Amino acid sequence: MAIRKNVEPGGGAALAPEQSRVKPPPMYKVLLLNDDFTPMDFVVIVLEKFFSLSREQSTQVMLKVHREGKGACGVYPQDVAATKVQQVSEYSRRHQHPLACVMEED
């Protein structure tokens with residue numbers, strides 16, 4: 001909050017709080033991209049583990065990825081989205097799957 005100096009009649013000065021508006025940070029969608037090698041079950045596990053989706057929600061997102069080529073896992077501030085992309089990518093490589101996870105501004 002910024003402080004603004006008000007000059008009162010008679011020469012005195014009073015401090016009054018100045019309202020500043022902070023716009024919310026940009027949000028980013030985290031997406032999984034389809035490939036021909038990553039098993040569907042692994043994608044469901046990733047969605048449950050890193051995005052806290054239920055089995056049913058994870059299955060729906062996995063099917064969207066399979067049918068449409070990509071599917072949204074969630075919308076987050078930039079640093080959270082970047083961390084999730086990194087975590088999913090590392091986990092996928094560790095399990096020898098080429099699952100791609102990306103982020104784009106919402």
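## Aromatic pairs

Let's start with the rings: this predicted model has 3 aromatic pairs by the distance rule used here. One of them brings together Phe 42 and Tyr 91, which are stacked, with 5.6 Å from centre to centre and 10 degrees between the planes. These two come from distant parts of the chain: Phe 42 belongs to helix H1 (residues 40-51) and Tyr 91 to helix H3 (residues 78-94), and 49 residues separate them. Buried or exposed, then, for Phe 42 and Tyr 91? Both are buried.

Tyr 91 also pairs with Phe 50, this time edge-to-face, at 5.2 Å centre to centre and with 70 degrees between the planes. Again the partners are distant along the chain, with Phe 50 in helix H1 and Tyr 91 in helix H3, 41 residues apart. Phe 50 is buried, just like Tyr 91. Put the ring pairs together and you get a cluster of Phe 42, Phe 50 and Tyr 91. Why is one pair called stacked and the other edge-to-face? It comes down to the planes: under 30 degrees apart counts as stacked, over 60 as edge-to-face, so the 10 degrees of Phe 42 and Tyr 91 and the 70 degrees of Phe 50 and Tyr 91 fall into those two classes.

## Charges over rings

Phe 50 has another neighbour to look at. The charged end of Lys 49 sits over its ring, 5.7 Å from the ring centre.

Which ring does the charged end of Lys 84 sit over? That would be the ring of Tyr 76, with 5.3 Å to its centre.

## The sheet

Now for the strands. There is an open sheet of 3 strands, ordered E4-E3-E5 and paired antiparallel. E4 and E5 are the edge strands, each with pairing on one side only. On average, and ignoring direction, neighbouring strands here are turned by 25 degrees against each other. Helix H2 (residues 55-68) packs on this sheet, where it touches E3 and E4, and the direction of H2 makes about 125 degrees with that of E4.

Going pair by pair, E3 (residues 27-33) and E4 (residues 70-77) are antiparallel and share 7 bridges. If you want a landmark in that pairing, Lys 29 stands opposite Val 75 in E4. How many bridges join E3 to E5 (residues 100-105)? The count is 6, and these two strands run antiparallel as well. Among the residues facing each other there, Leu 32 stands opposite Cys 101 in E5, while Leu 31 has Val 102 as its bridge partner in E5.

## The whole chain

Stepping back, the protein has 3 helices and 5 strands. Read from the N terminus, the elements go β-β-β-α-α-β-α-β. Take the contacts between residues at least 6 apart in sequence: 62% of them join residues at least 24 apart. The links between helix H1 and helix H3 through Phe 42 and Tyr 91, and through Phe 50 and Tyr 91, span distant parts of the chain too.

As for what is covered and what is not, 30% of the 106 residues count as buried, and Phe 42 and Tyr 91 are buried residues. The protein exposes about 7,300 Å², and carbon and sulfur atoms supply 52% of that area.

Key. Residues are numbered from 1 along each chain as its sequence is written. This is a predicted model: local features need pLDDT of at least 70, side-chain atom pairs count only at pLDDT 80 or more; totals for chains, interfaces and linings use all residues. Side-chain values use heavy atoms; hydrogens and water are left out. Two strands pair if DSSP finds at least two bridges between them. Helices (H or I, at least four residues) and strands (E, at least two) are DSSP runs, numbered from the N terminus. Axes are lines fitted to C-alpha atoms, for helices over the stretch in contact, and angles run from 0 to 180 degrees between N-to-C directions. Contact means heavy atoms within 4.5 Å. Rings of Phe, Tyr and Trp (its six-membered ring) pair if their centres lie within 6.5 Å; planes under 30 degrees apart count as stacked, over 60 as edge-to-face and the rest as tilted. Buried means under 20% relative accessible area, exposed over 50%, partly exposed in between (1.4 Å probe, protein chains only). A charge sits over a ring if NZ of Lys or CZ of Arg is within 6 Å of the ring centre and within 35 degrees of the ring normal. Accessible areas come from the Shrake-Rupley method with a 1.4 Å probe; for residues, only the protein chains shown count as cover.
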